Amino acid sequence: MSSILIGCQHFTARHTAVEMSSLLVEQVNKWGLVNKITMIVSDNAANMVAADRLCQWRHFPCFAYSINLIVKSGLEEVKPILGKVKAIVEYFKRSTSAFSRLNDIQKQGGYSVLKLKQDCPTR
């Protein structure tokens, strides 16, 4: 099994299943891959699933994307706590004196000086 990116381009049309399938077929024809593709891996968006169906390919949802959706759903359960943690991290990022004091306390306690990480949805 192999995975190959055959195209990456700016797409200004509406992202409907028909438009997406036309673009996919165009790329497949351009690269001479007609009748060589059996499956497409993508997110679970309805337009992509339908586009794959229109091209008569099997659709396989991206495992990493599916795991990401599950984790995001699970994080909703601890959203109030995450909000508080985010506020604490932002406080130390905004205040150099508070950040310096935090580092001093870590050193005095004999701990490694750790850096705070801000929330980033894509991380």
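Modeller: Helices (H or I, at least four residues) and strands (E, at least two) are DSSP runs, numbered from the N terminus. The model we discuss is predicted.

Colleague: N35 lies in which loop?

Modeller: N35 is not a glycine, yet its phi is positive, about 65°. Its position falls outside the helix and the strand that flank it. N35 sits in the loop between α1 and β1.

Colleague: Is N35 buried or exposed?

Modeller: The relative accessible area of N35 is 78%. Exposed means over 50%. N35 therefore counts as exposed.

Colleague: Where is Q56, which has a positive phi although it is not a glycine?

Modeller: The phi of Q56 is about 65°. Its relative accessible area is 74%, so Q56 is exposed. As for its place, Q56 belongs to the loop between α2 and β2.

Colleague: In which sense do β1 and β2 pair?

Modeller: β1 covers residues 39–42, and β2 covers residues 58–61. They pair over 4 bridges. In this pairing, V41 stands opposite F60 in β2. The sense is parallel.

Colleague: What is the handedness of the β-α-β crossover?

Modeller: The chain leaves β1 and passes through helix α2, residues 46–54. From there the chain reaches β2. The crossover is right-handed.

Colleague: Which residues make up the uncovered face of β1?

Modeller: β1 has two faces, one covered and one uncovered. I40 and S42 belong to the covered face. The uncovered face holds M39 and V41.

Colleague: Which element gives the largest share of the lining of the largest pocket?

Modeller: The largest pocket holds about 980 Å³ of space, and 25 residues line it. The elements giving two or more residues to that lining are α1 (17–30) and β1. The largest share is 5 residues, and it comes from α1.

Colleague: Which residues lie nearest the centre of the largest pocket?

Modeller: The lining divides into 18 nonpolar, 6 polar and 1 charged residues. Among the 25 lining residues, five names stand out by position. Nearest the centre are I4, I37, M39, I40 and V41.

Colleague: Which side chain meets K79 in a salt bridge?

Modeller: Side chains of opposite charge can pair when their charged atoms come close. The structure holds 1 salt bridge. Its N to O distance is 3.7 Å, and the cut-off is within 4 Å. The partner of K79 is E76.

Colleague: What is the relative accessible area of E76?

Modeller: E76 is partly exposed. That class lies between under 20%, which is buried, and over 50%, which is exposed. The value for E76 is 47%.

Definitions and conventions. Residues are numbered from 1 along each chain as its sequence is written. This is a predicted model: local features need pLDDT of at least 70, side-chain atom pairs count only at pLDDT 80 or more; totals for chains, interfaces and linings use all residues. Side-chain values use heavy atoms; hydrogens and water are left out. Buried means under 20% relative accessible area, exposed over 50%, partly exposed in between (1.4 Å probe, protein chains only). Two strands pair if DSSP finds at least two bridges between them. A crossover is right-handed if, with the strands pointing away from the viewer, the path from the first strand over the helix to the second runs clockwise. On a 1 Å grid over the protein atoms alone, a cavity is a set of points where a 1.4 Å probe fits but cannot get out, and a pocket is an open set with protein on both sides within 12 Å along at least five of seven lines; lining residues have an atom within 4 Å of a point. Grid points are joined across faces, edges and corners, and a volume is the space filled by probe spheres set on the points. Ala, Val, Leu, Ile, Met, Phe, Trp, Tyr, Cys and Pro count as nonpolar, Asp, Glu, Lys and Arg as charged, and the others, Gly among them, as polar.
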